[in-house]
Each structure stands twice: as structure tokens, then as C-alpha cells.
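Thank you for making time for this short talk. Please keep the sequence and the structure open while I speak, so that you can find each residue as I name it.

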Amino acid sequence: IPDFKKCRGTSAFLFVLMGVWIRMMNRSFNTPQQVFWRMLIASGLAWIVFGRFFSTRLLAKLTRRDWSIYALRAALNYGVGVIFFTIAINRINLSTVSFVSALPIIGVLAMIMFKEKFDRRAVPFVIISVFGLVLTTGLTLHKLDVGFGSIAALIGTLGFDISWLMVRYHPKKMTNFHNTTLMLSFAWIIPLAIILVTGDTILPSSISQTALIGLIASAILNVAGLFILNYIF
């Protein structure tokens, strides 16, 4: 079993790096394009790496509810979380995005979804952690953007958090290899639908070397990040 603290640290590092890859891809791809290609490539990589853990018998045992959970988690995580997170990164300072996405919202959602009890003794530490976020992100009133970019960051964070909590609904017989691969199998559908509805092109007119590096790195780290976060939650 991987070390839990190391997994949390690694996932946080990968999440921060995602902002870098998004900015790099932004030179050639618009938001739906880059999310679509990141997720499509990540899905293919997941099947290449984890496909050996699947069997026809295993897939046949999955119920409609099981498939719907995978599809809903993918829609929340990628159709809401990744898309709005990408919009936020392209519109406002990374310090503001980091602050909003690191707020302890997931604890409140756990109370609502799973009736988890909140220890009142933790309140002072939660407050201190918020002040700590301000210091570590370098956020100031001058840098704080409360416009659409911040709203997008908040919506994206809600999409991520609900999706992570829903990992508890997966069948116990399914491992993180299975859950990661099946989630990514649905991840590219909503971005593709947005592209088709808006009449945009699937590929940009040109792709810079910087954008290509961002695409490859983000696709690989999307697989690693999802696998680690599935384990954590």
C-alpha cells in the first residue's frame, strides 16, 4: 500500500503543475480543444498501461448504476472541474486559482453527502489553514479577482470535490486501475460535445512546440493524478 502522506503530497504537486501545462497549451488550443485532447490521450494511455487488469467477465458484472457512476464522475471531474479550472487559469492569477481550489470545501460536502461529523475542535485549525493559504499563494487584496475567473475556479472546485467523494460508490471489486481507466474512458465526451455544438474545429490550425509539450505532459500526469486521488479518497 503506498504511503498516504506521500500520495497527498504528490497529488498536490501534480495539481499545481496542471496550471503550467494549461498555460502552455493555451498558445495553440482553446479550452474545449485542450481538454478534449488531454482526456482522449489520457484515456488511451490508461488502457495501454492498465488494460491487462480488465476482462470481459469483469466488465459484464458491472450494473447500469456502476456505469452511471463512472459517467457522472467523469462529467463532474472533466466536464465541470477541468473545463472551469482551465477557464479560471486562463483568466485570473494562478495565486487566486490556487487559493479557491485549496479551500476546505470538500469537508462541507462530505457532511452533506455522507453525514460525516465535523469535530468542532478542528475549527481553529481550519481557520489557520485558510490564512496559511493566503500566505503560501501570495494572495493580496490587489491580486484578488472576484469576477468570472474566481467563479469559474469555485465551480471547478465543486465539480472536482463531488467527483472525488463519489469514489465511495464504486463496486469494491474494482481496483484503482479499473476506476481510473473507466473514468477516463468517459472524460473526453463532454469536451467533444462542446466542440461540436459550438461549431469549433477539433484541432487548432497550428500547434506550437510548447503547446505540444504541455499536451503530452498533462495527458500523462492526468492518468497518474487520477490514480493517486482515487486511492486517497
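Just after helix H6, Lys-115 takes a positive phi of about 55°, and I should say at once that this value, like everything else I will describe, belongs to a predicted model. Helix H6 itself covers residues 105-114, and within it Ile-105, Leu-109 and Ala-110 are buried. If you look down the axis of H6, the buried residues fall within an arc of 135°, and therefore they line one face of the helix. What, then, covers the buried residues of H6? The cover includes H8.

Let us stay with H8 for a moment, since Thr-157 is found in that helix. Is Thr-157 buried or exposed? Its relative accessibility is 3%, so Thr-157 counts as buried, the cut-off for that word being under 20%. Leaving out residues up to four places away in sequence, Thr-157 touches Val-100, Ser-101 and Ile-105, and you will remember Ile-105 as one of the buried residues of H6.

Now let me step back to the chain as a whole. It has eleven helices and zero strands, and of its 233 residues, 43% count as buried. Among the contacts in the chain with a separation of 6 or more, 92% are between residues 24 or more positions apart.

With that in mind, we can turn to the largest nonpolar core, which has 41 residues, and in which Tyr-78 and Leu-184 touch the most other members. The elements that give two or more residues to this core are helix H1 (4-25), helix H2 (31-50), helix H4 (64-91), helix H5 (94-101), helix H8 (148-165), helix H9 (176-187) and helix H11 (209-232). Which helix gives the largest share of this core? That helix is H4, from which nine residues come. As for Leu-184, if we set aside its neighbours within four places in sequence, it is in contact with Met-39, Ala-42, Ser-43, Ala-46, Tyr-78, Val-223 and Leu-226.

Tyr-78 and Leu-184 also appear where two helices meet, for Tyr-78 is among the H4 residues, and Leu-184 among the H9 residues, at the contact between H4 and H9. Two packed helices are described by the angle between their axes and the distance between the axes. For H4 and H9, the angle is about 65° and the axes are 8 Å apart, and H4 passes H9 in a right-handed crossing. On the H4 side the residues that meet H9 are Trp-67, Tyr-70, Ala-71, Arg-73, Ala-74, Asn-77 and Tyr-78, while on the H9 side they are Asn-179, Leu-182, Met-183, Leu-184, Phe-186 and Ala-187.

Some of these names return when we look at the loop between helix H3 (56-60) and H4, which is the place of Leu-62. At 8% relative accessibility, Leu-62 counts as buried. Not counting residues up to four places away in sequence, Leu-62 touches Trp-67, Tyr-70, Pro-171, Met-174 and Leu-182. How far apart are Leu-62 and Met-174 in sequence and in space? They are separated by 112 residues in sequence, and by 9.5 Å in space, C-alpha to C-alpha.

My last topic is the aromatic rings, where a search of the whole structure finds ten aromatic pairs. In one of them, the rings of Trp-67 and Phe-186 have their centres 6.3 Å apart and their planes at 65°, so the pair is edge-to-face, the cut-off for that term being over 60 degrees. This pair links distant parts of the chain, with Trp-67 in helix H4 and Phe-186 in helix H9, 119 residues apart. Trp-67 is partly exposed, with a relative accessible area of 31%, and Phe-186 is partly exposed as well, with a relative accessible area of 24%.

A second example is the pair of Phe-177 and Phe-227, whose ring centres are 5.2 Å apart and whose planes are at 35°, so this pair is tilted. Here again distant parts of the chain are linked, since Phe-177 is in helix H9 and Phe-227 is in helix H11, 50 residues apart. Phe-177 counts as partly exposed at 26% relative accessibility, and Phe-227 counts as partly exposed at 24%. Finally, ring pairs link Phe-177 and Phe-227 with Phe-50 and Phe-53 into a cluster, and with that cluster I will end.

Key:
Residues are numbered from 1 along each chain as its sequence is written. This is a predicted model: local features need pLDDT of at least 70, side-chain atom pairs count only at pLDDT 80 or more; totals for chains, interfaces and linings use all residues. Side-chain values use heavy atoms; hydrogens and water are left out. A nonpolar core is a set of buried Ala, Val, Leu, Ile, Met, Phe, Trp, Tyr and Cys residues joined through side-chain atoms within 4.5 Å. Buried means under 20% relative accessible area, exposed over 50%, partly exposed in between (1.4 Å probe, protein chains only). Helices (H or I, at least four residues) and strands (E, at least two) are DSSP runs, numbered from the N terminus. Contact means heavy atoms within 4.5 Å. Rings of Phe, Tyr and Trp (its six-membered ring) pair if their centres lie within 6.5 Å; planes under 30 degrees apart count as stacked, over 60 as edge-to-face and the rest as tilted. The arc is that of the directions from the helix axis to the C-beta atoms. Axes are lines fitted to C-alpha atoms, for helices over the stretch in contact, and angles run from 0 to 180 degrees between N-to-C directions. A crossing is left-handed if the near helix is turned anticlockwise from the far one by less than a right angle, and right-handed if clockwise.
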